[in-house]
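Subject: Handing over a structure

Dear colleague,

I am passing a structure on to you, and below it you will find an account of what came out when it was examined. Please read the account with the structure open beside you.

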There are 2 protein chains.
Amino acid sequence: MVLGGSTVEALRIGMLGFGTVGRGVADLLLNHQELLSQRAGMPLRLVRIATRTPERDRGLSLGGVELTGDVNRVVNASDLDVVVELIGGFIPARDLVHRALESGKHVITANKALIAEYGSELFALAQSKGVQLGFEASVAGAVPVVKALRESLAGNRVDLVYGILNGTCNYILTEMREKGLPFAQVLSDAQDKGFAEADPSFDVDGIDAAHKLAILAAIAFGTHLDFARIVKEGIRHVSDTDIAWAKEMGYRIKLLAMARLKEGLLELAVRPVMVPESSMVAAVEGVSNAVFMHGDYAGTTMYHGRGAGERPTASAVVADLMDLARDLRVGSTGRIPALSVPVHHLRTLPIRTASQRQGTFYLRLAVTDRPGVLAEITAILARHAISLDAIHQKGRSRVEAVPLVMVTHETTEERIAMALVEIEQLDSVREPPRSIRIESGLA
Amino acid sequence: MVLGGSTVEALRIGMLGFGTVGRGVADLLLNHQELLSQRAGMPLRLVRIATRTPERDRGLSLGGVELTGDVNRVVNASDLDVVVELIGGFIPARDLVHRALESGKHVITANKALIAEYGSELFALAQSKGVQLGFEASVAGAVPVVKALRESLAGNRVDLVYGILNGTCNYILTEMREKGLPFAQVLSDAQDKGFAEADPSFDVDGIDAAHKLAILAAIAFGTHLDFARIVKEGIRHVSDTDIAWAKEMGYRIKLLAMARLKEGLLELAVRPVMVPESSMVAAVEGVSNAVFMHGDYAGTTMYHGRGAGERPTASAVVADLMDLARDLRVGSTGRIPALSVPVHHLRTLPIRTASQRQGTFYLRLAVTDRPGVLAEITAILARHAISLDAIHQKGRSRVEAVPLVMVTHETTEERIAMALVEIEQLDSVREPPRSIRIESGLA
């Protein structure tokens with residue numbers, strides 16, 4: 001095989017970062033050498049790993065793999081075909097990936113933030129250098145959603161992609177529902193168990209899911225990466241009251257990432273929504289991830305599995321390495337554009353604004369229990385042309401606020417937002433009102 | 001692009017068969033010309049369709065597509081790069097695919113029976129001719145299970161693949177449970193609605209699911225195609241009584257296709273089993289298909305969607321065409337062996353026999369309601385070392401047989417079979433006893 005001007009007999013791999021996922025990748029490559037070689041038609045050889053802690057014992061027999069504290073020995077090396085970036089974050093990952101691509105090496109990464117925010121420059125660079133930039137591991141771990149969207153649905157016009165893309169949030173919401181506990185307590189338990197970070201904001205504020213959604217949307221619609229325009233709403237405001245009400249009404253609350261293209265307008269949102277208890281997306285529980293894709297010929301296909309963790313993420317990284325090895329064995333690269341179409345065909349689509357985003361909503365208020373309150377609130381809703389499908393009030397109290405729950409008919413997000421601003425100013429309303437969108441039509 | 005010695009600018013497609021799926025493929029190719037061209041880097045051009053009824057109006061604007069009654073004008077043509085075989089069955093499909101491959105054309109097929117039973121000779125021929133034989137559409141319609149297993153799980157040792165591979169059976173079992181109707185009536189309704197064939201035996205006797213399982217197992221384990229050794233048991237004997245009992249015990253009955261590799265022994269079976277009501281496989285309802293795959297790094301990943309029909313199957317056929325076009329654009333073919341490893345690496349693994357197939361079982365008998373019956377039956381079970389976890393009897397009758405339902409502890413299929421032969425001979429046993437395996441451990 002001819003590669004980079006010289007004949008090589010193996011895919012020579014350098015790795016940046018040797019944390020949890022790095023350990024998984026090294027373990028897999030060392031464990032399954034013969035299997036991988038049979039399937040790829042050449043060995044996958046882990047040559048060198050750059051890590052800040054080369055001396056730390058990770059419980060692996062690394063054989064001839066070289067450990068170095070110097071990233072240059074990976075990104076500048078002439079004896080490597082591909083660099084696997086598993087550092088995460090932007091600094092120094094962005095610069096290192098740039099340099100690896102510049103030097104003509106293929107790159108495979110699990111770094112969703114990097115792809116979502118700097119993918120455009122990186123894909124253009126990779127394309128100009130004739131090398132590949134693989135990122136299957138950046139979305140949904142072991143679940144092959146990038147490949148499914150880019151290859152298996154290649155014959156479809158895709159108009160809808162949605163799913164559960166953050167295992168931490170899904171775990172928290174599942175625990176809240178099953179144990180009837182408030183958000184803060186479940187979060188703190190999850191941190192103790194290692195399911196949530198010490199600083200959880202990337203997860204619970206919807207940033208991580210939005211990074212992944214940006215990637216899926218760009219592939220689905222052939223658009224530029226568009227992280228900035230995604231509506232991002234996390235789960236901090238989801239209360240145990242909301243969860244209990246959802247249950248009572250036959251719904252579950254999920255942090256749903258959704259990209260929908262309708263009438264030429266794009267809706268990109270990560271937010272808590274209510275989904276029917278009997279839907280498949282409601283059945284995705286705990287740390288699992290799942291992605292649903294609707295294509296005009298395929299209909300809805302769904303992909304489910306472990307979205308994070310040492311071994312599942314390693315499986316996705318190695319899938320990209322295998323694709324690369326199989327390409328190089330037959331002397332081809334650049335078979336498939338990173339975002340499904342070549343960079344010059346990528347579009348920017350107009351976004352559906354809040355006044356165009358229609359739906360039905362659950363509203364939850366905490367009100368003083370006295371005559372006339374309901375009249376004030378419903379008058380405001382009526383003024384914004386919001387009509388109600390249902391209204392529930394439970395419990396009575398002279399002293400404390402009581403919850404008032406309403407479900408609207410079809411209206412717009414803008415109307416809901418404007419009405420809630422006015423409602424919040426009423427004396428009888430004791431906490432900021434909350435709204436959660438209801439998605440009744442999902443598979 | 002250089003192809004077959006001459007420069008071509010498009011993937012030139014010939015089609016054999018113009019039934020339901022053929023119509024879907026033609027419709028997709030004609031509808032999405034620009035989209036496909038952008039994504040593949042070259043147009044996909046439907047040149048010619050051979051059909052027994054070229055004059056029939058199918059409601060499509062075929063433009064320049066040539067219709068012919070002569071299959072030779074497709075398989076022998078020099079102006080085609082790929083032949084899409086959508087005739088189904090063995091005669092004349094097998095011969096035509098042979099001839100197309102012999103003439104150096106790539107072939108894409110949705111024909112599960114052909115691949116399951118003659119795949120070995122066809123893959124060897126394709127490999128020797130340096131052409132590709134795609135068959136994603138042969139298993140689970142729009143759900144990309146061949147690609148997932150062969151590419152996305154390429155880094156994994158897979159030990160378990162199972163799923164719902166026959167939509168007709170799943171529809172019948174779903175209807176039986178939801179409406180409380182017997183098999184014969186639901187089958188007849190399904191035939192009226194076009195969900196079941198006039199001769200339903202391919203579906204309801206498990207043959208169709210076994211064809212698909214043979215294909216998945218060969219890819220998963222890198223083995224020769226092994227349709228003959230699959231245990232095949234259909235759903236004709238599943239009664240409304242069984243369905244009702246399953247519900248009462250917290251299970252659902254599904255026609256499950258399963259390939260499991262454990263301790264070097266292979267278990268290949270298509271049969272009705274009871275799965276926990278709360279499992280994801282139980283949630284696969286109606287005509288849907290779903291496949292679950294367990295890999296040592298990925299864990300369990302699941303793929304769900306429409307397993308048949310004009311448009312979903314067309315989506316899968318075109319996915320294979322797009323893969324081929326993307327290969328040819330960069331001048332490569334044969335990137336990925338059909339069954340994951342090259343033909344000379346394929347293995348034949350020993351099968352787990354009935355005496356080695358362990359599990360727990362539901363047993364259903366129809367017995368005369370008189371003293372001593374239970375003693376006779378349990379004595380036989382004890383003699384075969386089968387112990388019981390539960391026993392249920394409902395209803396009393398002097399005249400008619402009453403159902404007696406038992407659930408065993410872990411035992412072997414052989415013991416169950418031998419015990420049931422003896423039990424059937426008892427005077428008090430009025431119908432052939434039935435057993436259904438219980439799979440409690442599935443995702």
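To compare the two copies, they were superposed by least squares on the C-alpha atoms of residues with pLDDT of at least 70 in both, and please keep in mind throughout that this is a predicted model. On that basis, a turn of 180° with a shift of 0.0 Å along the axis lays chain B on chain A with an RMSD of 0.0 Å, and the two copies are therefore related as by a two-fold rotation axis. Within chain B, the C-alpha nearest that axis belongs to Y303(B), at 2.4 Å from it. The same surface serves both copies, since 100% of the contact residues of chain B recur in chain A.

As for the interface itself, 49 residues of chain B are in contact with 49 residues of chain A. On the side of chain B that touches chain A, at least two residues each are supplied by helix 2 (33–40), helix 6 (145–152), strand 14 (299–306) and helix 12 (310–329) of chain B, and the largest share, 10 residues, comes from helix 12 of chain B. By character, the residues of this side divide into 22 nonpolar, 17 polar and 10 charged. Strand 14 of chain A and strand 14 of chain B also pair with each other, in the antiparallel sense and over 3 bridges, and in this pairing Y303(A) stands opposite Y303(B).

Turning to a single chain, chain A is divided into domain 1 (2–142 + 310–345), domain 2 (145–306) and domain 3 (358–438). The centres of domain 1 and domain 2 of chain A, taken over C-alpha atoms, are separated by 27 Å, and 20 residues of domain 1 are in contact with 21 residues of domain 2. Helix 5 (residues 112–129) of chain A gives the largest share of the side of domain 1 that touches domain 2, namely 7 residues, and that side divides into 11 nonpolar, 6 polar and 3 charged residues.

One helix may reward a closer look. In helix 11 (residues 240–248) of chain B, the buried residues are D242(B), I243(B), W245(B) and A246(B); seen down the helix axis they fall within an arc of 165°, so they line one face of the helix. These buried residues pack against several elements of chain B, including helix 7 (167–179), strand 11 (251–262) and strand 12 (265–276). Just after helix 11 of chain B, G250(B) takes a positive phi of about 90°.

With best wishes

Terms used
Residues numbered from 1 in each chain as written. Chains lettered and ligands numbered in written order. Predicted model: local features only at pLDDT ≥ 70, side-chain atom pairs only at ≥ 80, totals over all residues. Contact = placed C-beta atoms within 7 Å. Helix = DSSP H or I, 4+ residues; strand = E, 2+ residues; numbered from the N terminus. Nonpolar A, V, L, I, M, F, W, Y, C, P; charged D, E, K, R; others polar. Pairing = 2+ DSSP bridges. Domains from an automatic or database assignment. Buried ≥ 20, exposed ≤ 12 C-beta atoms within 10 Å, placed from the backbone. Arc of directions from axis to C-beta.
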